Amino acid sequence: MNDRSTSPVLNPLLDFGDLPLFDAITPASVQPAIDELLLAANIALEEATAPDFPNDWSRISRTLDVSTERLSRAWGAVSHLNSVADTPELRAAYNEALPKVTEFWTRLGADERLYDKYKAMDPTKLNPEQAQAHHNAIRGFVLGGAALQGGAKTRFAWLQERQAELGQKFSENALDATDAFALYATPEEMAGVPDDVLQSTAAAAKAEGKTGHKLTLKMPCYLPVMQFAHSSPLREKLYRAYATRASDQASGDAVKFDNAAIMGELLALRHEEARLLGYRHYADVSLVPKMAESPEQVVAFLRDLAVKARPYAEKDLADLREFASKELGQNDPQAWDWPYIGEKLKEARYAFSEQEVKPYFTAPKVLAGLFQIVETLFEVAIRKDQAPVWNPGVEFYRLERSGPKGIELVGQFYLDPAARTGKRGGAWMDDVRARWLRPDTGALQTPVAHLVCNFAEGVNGKPALLTHDDVITLFHEFGHGLHHMLTQVSERDVSGISGVEWDAVELPSQFMENFCWEWDVLKHMTAHVDTGEPLPRDLFDKMLAAKNYQSGLQTLRQVEFSLFDMLLHSQPEPVSSGAEILALQQRVRDEVAVLQPPPYNRTPHTFSHIFAGGYSAGYYSYKWAEVLSADAYAAFEEAAQQSGHSTLDVATGRRYRQAILEAGGSRPAMESFKAFRGREPSIDALLRHQGMA
């Protein structure tokens with residue numbers, strides 16, 4: 001395998017025949033492949049920017065885009081493996097190549113010669129997809145520093161490289177700090193914890209030759225222990241470890257993963273970048289390609305939402321305090337007690353617990369149910385497919401549709417559902433390649449996506465069991481995948497999710513979550529792990545009654561994160577020290593939160609979305625897009641009311657697919673939304689869905 005991965009002819013990263021050779025890529029593959037692809041891309045750039053090269057969209061695409069797309073695909077494969085199969089060797093290879101790759105993209109985005117070629121084009125001679133891509137490209141050149149001169153341009157390039165390096169280090173520290181922690185609990189301490197978690201934690205301890213239960217800070221272990229373990233001291237230990245990850249408050253040797261200095265430097269560099277481009281601060285830069293018009297508009301939107309949600313949040317908290325005092329004898333609950341109290345109140349009020357529901361959601365049955373919804377609503381078929389993978393637990397699928405020439409391939413996706421060491425936490429969708437009418441061959445390239453989750457694995461030969469929250473997460477990421485795969489746009493830079501405004505890109509993902517609350521849908525995707533019986537209707541009714549349980553508190557929590565992020569990036573001078581960052585967070589909490597965490601809590605230190613994940617001055621997008629998605633889903637509710645059938649209305653699904661999913665980034669998101677709904681979005685559906693109307 002090593003020979004195959006380092007030979008210049010057989011390097012798997014240089015094979016663009018079809019799908020990435022994930023089973024053959026090794027750390028030794030990275031440097032030679034990336035160096036070769038960078039060389040080819042640089043040659044293409046020089047050719048396309050030569051004085052006698054025509055200012056022609058198709059010619060530039062055929063020369064430059066083909067070369068840069070290969071670099072993107074190879075680097076995308078390396079980045080993906082770095083996220084899902086991290087090893088010291090791969091991390092070293094990735095970090096060695098990262099500055100070179102960042103430098104190239106920064107230089108490309110700031111190339112005055114290329115910028116001049118694009119400016120000299122006549123957009124009226126382009127088709128609508130090309131015209132939108134051209135508009136985005138011109139905007140991208142300006143934000144990429146192409147209009148800067150001399151020392152400012154050199155400094156701007158260095159800022160990009162340093163920010164990429166710091167973002168990667170932030171991510172590594174968060175992962176390493178999470179992986180470094182282990183706590184071994186006795187069976188007595190684990191009283192109350194669900195059986196499947198007891199089995200997996202006992203197996204983890206046994207694998208290390210230890211007795212009892214091995215607890216980690218990975219979500220499939222951390223969350224159920226916080227919700228169900230009767231032992232408050234055990235919950236406190238876990239909470240403190242989780243809340244202080246990657247910070248100065250971490251215990252022992254783990255303090256070496258402190259992200260404070262990285263956060264301060266990143267904020268200072270972003271502020272400097274904004275000033276170089278002529279903006280007040282980084283939030284202004286972040287919003288240029290988004291739907292929202294200004295940071296002030298976003299802050300007003302968030303504060304308005306906080307005011308609307310606050311009475312509901314205060315009622316949620318009062319209910320929790322009263323229950324804790326009367327039923328649990330706790331008159332002074334601490335931060336680590338709230339998840340436990342919340343779960344107990346939920347069980348008492350709605351007579352069910354997450355653990356009662358979980359045995360009905362086996363991973364295979366949920367997946368089959370999800371596929372059935374997608375097949376019905378969007379008129380495609382999903383089939384098992386073959387591809388090289390990075391882990392035996394990864395599955396590969398294809399989407400097909402009947403067309404004039406028979407069965408047509410629409411797109412394909414990898415599904416990597418399980419949590420494991422060396423895989424970063426959370427869930428995400430990423431693209432492997434985009435739909436593109438290739439200018440080099442004239443062939444239509446079909447889109448391929450990654451869908452990644454972090455669910456607990458099955459134990460004792462049984463399938464994995466998902467919580468209802470896990471099911472929602474799976475539907476969410478699949479919504480992103482559909483946006484990428486169902487596009488009918490053939491221009492790469494605006495096909496699928498490419499070119500979609502960041503604060504609208506969550507619309508299709510959040511839209512899919514709604515189906516997880518529909519009985520006609522849910523009953524087909526449940527089967528008890530032992531008996532095979534579907535979810536009982538009375539249990540579903542209890543879940544539905546509990547749907548908006550603590551929605552006030554949850555809304556304020558999201559507003560808190562979003563407002564903190566926007567204010568952090570819109571200060572007149574950068575917030576550049578850990579102490580200043582925490583002080584700003586405290587001001588935000590004092591304004592919107594009804595619950596205060598302990599002083600040692602260090603949430604920002606693992607807030608990867610804004611420090612390493614592309615959501616800087618953009619975390620509000622989740623709430624912004626929720627308004628769009630709730631209103632879009634209301635169209636399906638209206639169709640169901642008129643027909644007397646379920647929300648799986650094929651005619652409405654077809655309109656939604658054509659107006660939003662198929663259009664991708666080929667036009668502004670507001671145009672796509674209005675094409676579907678016939679009007680601008682309203683917040684009413686969101687407040688109604690969350691029980692705050």
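Here a colleague puts questions to a modeller about one predicted model.

Colleague: What is the strand order of the open sheet of five strands?

Modeller: Strands of a sheet pair through backbone hydrogen bonds, either parallel or antiparallel. In this sheet the pairing is mixed. Strand E3 (381-384) and strand E6 (428-433) are the edge strands, and each pairs on one side only. Read across, the order is E3-E4-E5-E9-E6.

Colleague: Which residue in E5 stands opposite Arg398?

Modeller: Start with the two strands, E4 (residues 395-403) and E5 (residues 406-418). They run antiparallel, and nine bridges join them. Opposite Arg398, in E5, stands Gln412.

Colleague: How many disulfides does the structure hold?

Modeller: Take two cysteines in turn. A disulfide needs two cysteine sulfur atoms within 2.5 Å. For Cys221, the nearest cysteine sulfur is that of Cys453, 18 Å away. For Cys516, the closest cysteine sulfur is also in Cys453, at 12 Å, so that pair is too far apart for a bond. For the structure, the number of disulfides is zero.

Colleague: Is Cys516 buried or exposed?

Modeller: Buried means under 20% relative accessible area. Cys221 passes that test, because its relative accessibility is 9%. Cys516 has a relative accessibility of 0%, so Cys516 counts as buried.

Colleague: Which helix gives the largest share of the lining of the second largest pocket?

Modeller: This pocket has a volume of about 990 Å³. Its lining has 38 residues, and among those nearest the centre are Ser200 and Thr201. Helix H7 (150-180), helix H8 (195-207) and helix H9 (219-228) each supply at least two lining residues. The largest share, eight residues, comes from H8.

Colleague: How many residues of that pocket's lining are charged?

Modeller: Sort the lining by residue type. The nonpolar residues number 18, and the polar ones nine. The charged residues number 11.

Colleague: What is the phi of Ala351 near?

Modeller: Most residues other than glycine have a negative phi. Ala351 lies in the loop between helix H14 (338-350) and helix H15 (354-357). It is partly exposed, because its relative accessible area is 44%. Its phi is positive, near 55°.

Colleague: Is Ala617 buried or exposed?

Modeller: Ala617 also has a positive phi, near 55°. It is found in the loop between helix H23 (608-611) and helix H24 (621-643). Its relative accessible area is 0%, so Ala617 is buried.

Methods:
Residues numbered from 1 in each chain as written. Predicted model: local features only at pLDDT ≥ 70, side-chain atom pairs only at ≥ 80, totals over all residues. Heavy atoms only, no water. Pairing = 2+ DSSP bridges. Helix = DSSP H or I, 4+ residues; strand = E, 2+ residues; numbered from the N terminus. Buried < 20%, exposed > 50% of the residue type's maximum accessible area, 1.4 Å probe, protein only. 1 Å grid on protein atoms, 1.4 Å probe; cavity = no way out; pocket = protein on both sides within 12 Å on 5 of 7 lines; lining within 4 Å. Points joined across faces, edges and corners; volume = space filled by probe spheres on them. Nonpolar A, V, L, I, M, F, W, Y, C, P; charged D, E, K, R; others polar.
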